[in-house]
Amino acid sequence: MTTPAQTERQPVRPRTSAGEPVIEAARLTKVFGPSHESAPSRRLLASRWGSRSGSRQVVAIDDVSFSVASGELFVIMGLSGSGKSTLLRMLNRLVEPTSGELRMDGRNVAALTDSELRDLRNRKVNMVFQHFALFPHRTVLENAAYGLHVRRVPAAQRLERANWALRTVGLADRADAFPGELSGGMRQRVGLARALATDAEILLMDEPFSALDPLIRREMQDLLLRLQHELRRTIVFVTHDLNEAMRLGDRIMVMRAGRVVQTGTAAEILSAPADDYVADFVSDVDRSRVLTAGAVVREPLVLANEADHPRDVLRLLGNIEAVGAYVVDGDGRLLGVARHDLLARATESDSSLRECLCDEYERATSDTPLSELFSLVDKGIVPLAVIDGNGKLLGVLPRAAMLAALTDPRKVVHA
Amino acid sequence: MPRIDIGVWVANAVNWLTAHLGAFFDFVTWVMVHLINGVLFVLTAPHPFVVTGVFTVIAFLARRWGFAVFTLIAFLLVQGMGLWTDAMQSLAVVVVASMIAVLIGVPVGIWAARSRIASVAVRPVLDFMQTLPVFVYLIPAVFFFGIGTVPGVVATTVFAVPPAVRLTELGIRQVDAEVVEAARAFGAKPRQLLREVQIPLALPSIMAGVNQMIMLALSMVVIAGMVGAGGLGAVVVKGISTLDVGTGFQGGLATVFLAIFLDRATSAFARPRRRRGGRPRAATAASIEAAPDTAELSTTG
């Protein structure tokens with residue numbers, strides 16, 4: 001009982017929380033090159049002649065706008081040279097924007113004086129680095145306390161806070177070690193602790209896990225997701241690894257050659273890539289880990305209400321040559337499956353639909369990734385049921401729908 | 001090709017400087033003489049055995065037993081050769097010249113590391129100082145400061161500044177850019193960045209520069225002896241001019257002892273201290289420990 005052509009549903013990502021925008025970037029541009037011209041004229045020059053050979057100016061970031069909501073994990077993704085790290089550094093002005101506007105909590109960051117900028121970096125926006133960037137001559141504890149040290153917090157308070165941060169990342173027992181004595185994963189935990197200890201609301205993460213080996217990377221991703229669940233910071237996370245982006249990001253911004261190609265949730269980018277570049281990029285992604293049951297759910301062909309008469313249900317089943325139908329109550333909650341032989345018996349004895357129910361079916365919640373459903377999808381006599389948190393039936397997941405979702409959309413077109 | 005007589009201009013400039021800035025040079029001479037005499041007093045006032053003992057202790061702290069034994073024997077030998085006062089005079093010149101060279105070289109090195117323009121401007125000056133034959137500026141130095149120890153110290157300083165500048169600049173430039181960025185990203189002030197991150201991390205390189213500087217300074221001691229700076233240089237010069245091979249060799253040997261002592265002692269402090277990098281065993285232990293710790297996290301996470 002499958003239907004081949006059903007409209008693709010808009011995927012639902014329950015993790016996304018729609019908070020106030022904390023970071024608002026509008027038309028940010030960065031031009032590297034000779035700095036003798038004023039910024040606006042440079043931008044004009046660069047946009048007109050930037051690509052012409054002989055020009056020594058390079059447009060690293062070209063007219064990028066985005067906003068990040070409070071508590072969001074926003075991923076900037078692109079290959080090396082796409083300008084993603086430059087863009088990240090423009091958010092705390094480690095790289096000065098050539099033009100454009102950047103606001104944090106409504107404050108114009110470009111207009112800050114040097115000391116205000118230092119204060120912003122210290123209290124509001126912290127950073128985690130690709131190669132950890134720990135201070136090798138300070139202990140792990142002193143590293144974690146660095147932001148507070150710069151802020152001139154009294155020693156006792158500073159160390160207490162740094163100890164808390166180290167406990168949070170699972171490194172409390174290594175507080176007196178030097179960074180050189182730690183493994184890569186542990187060093188990045190220190191980097192994370194350093195950024196957590198200051199209570200900065202915004203975390204900029206510049207490919208923080210790309211220098212780690214795959215197993216440790218996965219652990220660090222889990223750690224970050226757990227911390228994010230507990231602490232709800234606003235995170236801007238740069239990566240070149242699409243699987244990482246899809247795994248972590250509430251939203252993902254794909255960049256290429258300094259421009260934004262597409263912004264959206266993982267499922268949006270996967271199911272509707274903006275252009276060939278993104279499509280190429282996502283072709284390597286393990287779609288079964290990104291797409292959830294809720295994203296590919298289909299309407300059941302036959303859906304019975306508990307008040308329906310078994311005879312009517314049996315007739316509908318006969319029309320499509322199926323052996324069972326899902327039965328829901330008045331609120332749409334899933335009660336079970338009505339099997340055709342039980343329905344036939346009930347029709348003879350004229351009993352209610354409730355008496356024909358059996359539990360020969362599998363079900364999954366809408367946020368379950370497809371990768372966990374492979375073993376379930378063909379088990380029952382009816383397709384897998386997809387329910388929400390309250391047990392309401394959202395639809396079914398037939399095998400064909402699952403296979404279609406796992407196929408690269410471009411290849412379907414060519415077939 | 002018209003004749004361009006740079007030599008005349010330089011000679012005129014030197015004459016003008018001698019005529020008009022005499023008071024300034026006198027002041028510099030006065031400061032230097034007192035500095036050298038101060039250091040020399042510290043080195044020669046106690047009995048030679050006491051000073052030798054102190055050097056031996058320094059050697060022990062720097063490199064343990066072998067070097068301490070060498071130091072003890074070397075300085076006893078210097079006393080035995082009757083060159084103790086001369087050796088201490090040379091040491092005083094080296095110490096004062098090195099101090100001045102550090103005071104000039106390290107700040108200039110920091111400046112060059114932080115500004116591209118400064119770096120480009122400083123480099124040819126350093127080349128000039130390092131490669132110009134010594135006598136070319138030793139003679140004008142005599143004009144300015146008169147015969148004696150001071151022109152020797154000045155020439156030694158000129159010769160010793162370049163490695164201090166170069167290795168300081170190199171050291172600060174070699175500090176991991178991401179670490180510098182990290183300090184800035186947490187709101188460190190430029191001065192704080194320099195004091196707490198750049199200089200500590202550049203210290204091994206800066207100390208290597210100081211070591212090189214001291215060695216160069218010592219190699220100038222003999223030449224300084226020719227303009228009346230005294231010390232071992234004077235012994236060597238006297239030996240050579242009277243064709244007294246023995247005296248010349250003794251002076252040379254004492255210079256070598258001094259050089260080895262200063263080199264080993266200062267290079268010991270140039271090595272990165274602390275525990276980073278130097279203990280591979282500790283590092284592997286740490287990574288083994290990491291395994292259960294992180295495994296536990298992934299199950300709870």
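**Helix 2 of chain B and the sheet of chain A**

The buried residues of helix 2 of chain B pack against helix 5 (84–114) and helix 8 (149–174) of chain B; contact requires C-beta atoms, placed from the backbone, within 7 Å. The model is predicted, and local features need pLDDT of at least 70, side-chain atom pairs count only at pLDDT 80 or more, while totals for chains, interfaces and linings use all residues. Residues are numbered from 1 along each chain as its sequence is written, and chains are lettered from A and ligands numbered from 1 in the order in which they are written. Helices (H or I, at least four residues) and strands (E, at least two) are DSSP runs, numbered from the N terminus.

The buried positions of helix 2 of chain B are Met32(B), Ile36(B) and Leu40(B), where buried means 20 or more other C-beta atoms within 10 Å of the residue's own. An α-helix has 3.6 residues a turn, so residues three or four places apart point the same way.

In chain A, an open sheet of 4 strands follows the order 11-12-13-14 with mixed pairing; pairing requires at least two DSSP bridges between two strands. Strand 11 (303–305) and strand 14 (357–358) of chain A are at the edges with a single partner strand each, so one side of each lacks a neighbour in the sheet. Strand 11 runs parallel to strand 12 (residues 324–328) of chain A, joined by 3 bridges, and Leu303(A) is partnered with Tyr326(A). Strands 12 and 13 of chain A pair in the antiparallel sense over 5 bridges, with Tyr326(A) opposite its bridge partner Val337(A).

Methods: A residue is buried if 20 or more other C-beta atoms lie within 10 Å of its own, exposed if 12 or fewer, and partly exposed in between; C-beta atoms are placed from the backbone. Two residues are in contact if their C-beta atoms, placed from the backbone, lie within 7 Å.
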